[in-house]
Amino acid sequence: MSPGGLELSHCVGANSLGPAVPWRSGGPCKMKRVRTVFKPEQLERLEQEFLKQQYMVGTERVDLAATLHLTETQVKVWFQNRRIKWRKQSMEQKAAKLSQFGVIQPASTDSTDIKDHEEDTVDVEL
């Protein structure tokens, strides 16, 4: 286990079919994070909490993480990723409604799109 609670797999390409992928120019190989696999019970509880509030912060996040046997970072990242998914679904529903009425929505760069780029999805493993 590496510092910060992240589990990193061994060098990508080491002892496999392909060559090792250099990590920038300084290292022998690139370390890859292992994707978190949530249990169905954890996902159900996370979704319930998301329905109540889209932002989980402070002691609420710490308590939820402890209850679900996850790290605070895993809960934080799950909420970030879920907000991105929710915004995308909202935009798709809005576009579908507009297309029903024959209104074509131009590509926009409103604040929602900017937030999507600021909160890129991240996978973190304990």
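Which residues in α1 meet which residues in α3? Hold that for the third stop.

**Before you start**

This is a predicted model, in which local features need pLDDT of at least 70, side-chain atom pairs count only at pLDDT 80 or more, and totals for chains, interfaces and linings use all residues. Residues are numbered from 1 along each chain as its sequence is written, and side-chain values use heavy atoms, with hydrogens and water left out.

**Whole chain**

Show the chain as a cartoon. You should find four helices and zero strands. The pattern along the sequence is α-α-α-α. Helices here are DSSP runs (H or I, at least four residues), strands are E runs of at least two, and numbering goes from the N terminus. Colour by burial next. Of the 126 residues, 23% count as buried. Buried means under 20% relative accessible area, exposed means over 50%, and partly exposed is in between (1.4 Å probe, protein chains only). Now turn to contacts, meaning heavy atoms within 4.5 Å. Among those between residues at least 6 apart in sequence, 57% join residues at least 24 apart.

**Stop 1: α1 against α2**

Select residues 40-52 for α1 and residues 58-68 for α2. Two packed helices are described by the angle between their axes and the distance between the axes. Axes are lines fitted to C-alpha atoms, for helices over the stretch in contact, and angles run from 0 to 180 degrees between N-to-C directions. α1 and α2 pack at about 160°, and their axes are 10 Å apart. The two helices are therefore roughly antiparallel. The cut-offs: under 35 degrees is roughly parallel, over 145 roughly antiparallel, 65 to 115 roughly perpendicular, and the rest oblique.

The crossing of α1 and α2 is right-handed. A crossing is right-handed if the near helix is turned clockwise from the far one by less than a right angle, and left-handed if anticlockwise. Show side chains. Gln42, Arg45, Leu46 and Glu49 of α1 meet Leu64, Thr67 and Leu68 of α2. By class, that contact has three nonpolar, two polar and two charged residues. Ala, Val, Leu, Ile, Met, Phe, Trp, Tyr, Cys and Pro count as nonpolar; Asp, Glu, Lys and Arg as charged; the others, Gly among them, as polar.

**Stop 2: α2 against α3**

Keep α2 and add α3, residues 72-100. Their axes come within 8 Å and cross at roughly 110°. That makes α2 roughly perpendicular to α3. This crossing is right-handed too. Pick out Gly58, Arg61, Val62, Leu64 and Ala65 on α2, then Glu72, Val75, Lys76 and Phe79 on α3; these make the contact. By class there are five nonpolar, one polar and three charged residues.

Click His69 in the loop between α2 and α3. Is His69 buried or exposed? At 69% relative accessibility, His69 counts as exposed. Check the backbone there as well. Most residues other than glycine have a negative phi. His69 has a positive phi of about 60°, although it is not a glycine.

Move to Gln74 in helix α3. Gln74 counts as buried, at 4% relative accessibility. Draw a C-alpha to C-alpha distance to Arg61: 9.9 Å in space, for residues 13 apart in sequence.

**Stop 3: α1 against α3**

Hide α2. α1 and α3 pack at an angle of about 60°, with axes 11 Å apart. Their crossing is right-handed. Here is the opening question answered: Leu43, Leu46, Glu47, Glu49 and Phe50 of α1 meet Val75, Trp78, Phe79, Arg82, Arg83 and Trp86 of α3. By class, the contact has seven nonpolar, no polar and four charged residues.

**Stop 4: the rings**

The structure holds three aromatic pairs. A pair of aromatic rings is described by the distance of the centres and the angle of the planes. Rings of Phe, Tyr and Trp (its six-membered ring) pair if their centres lie within 6.5 Å; planes under 30 degrees apart are stacked, over 60 edge-to-face, and the rest tilted.

Select Phe50 and Trp78. Their ring centres are 6.3 Å apart and their planes stand at 85°, so the pair is edge-to-face. Phe50 sits in α1 and Trp78 in α3, 28 residues apart. Phe50 is buried at 4% relative accessibility. Trp78 is buried at 9%.

Add Phe79. The rings of Phe50 and Phe79 have centres 6.1 Å apart and planes at 50°, so this pair is tilted. Phe50 and Phe79 are 29 residues apart along the chain. Both are buried. Leave all three on screen: Phe50, Trp78 and Phe79 form one aromatic cluster.
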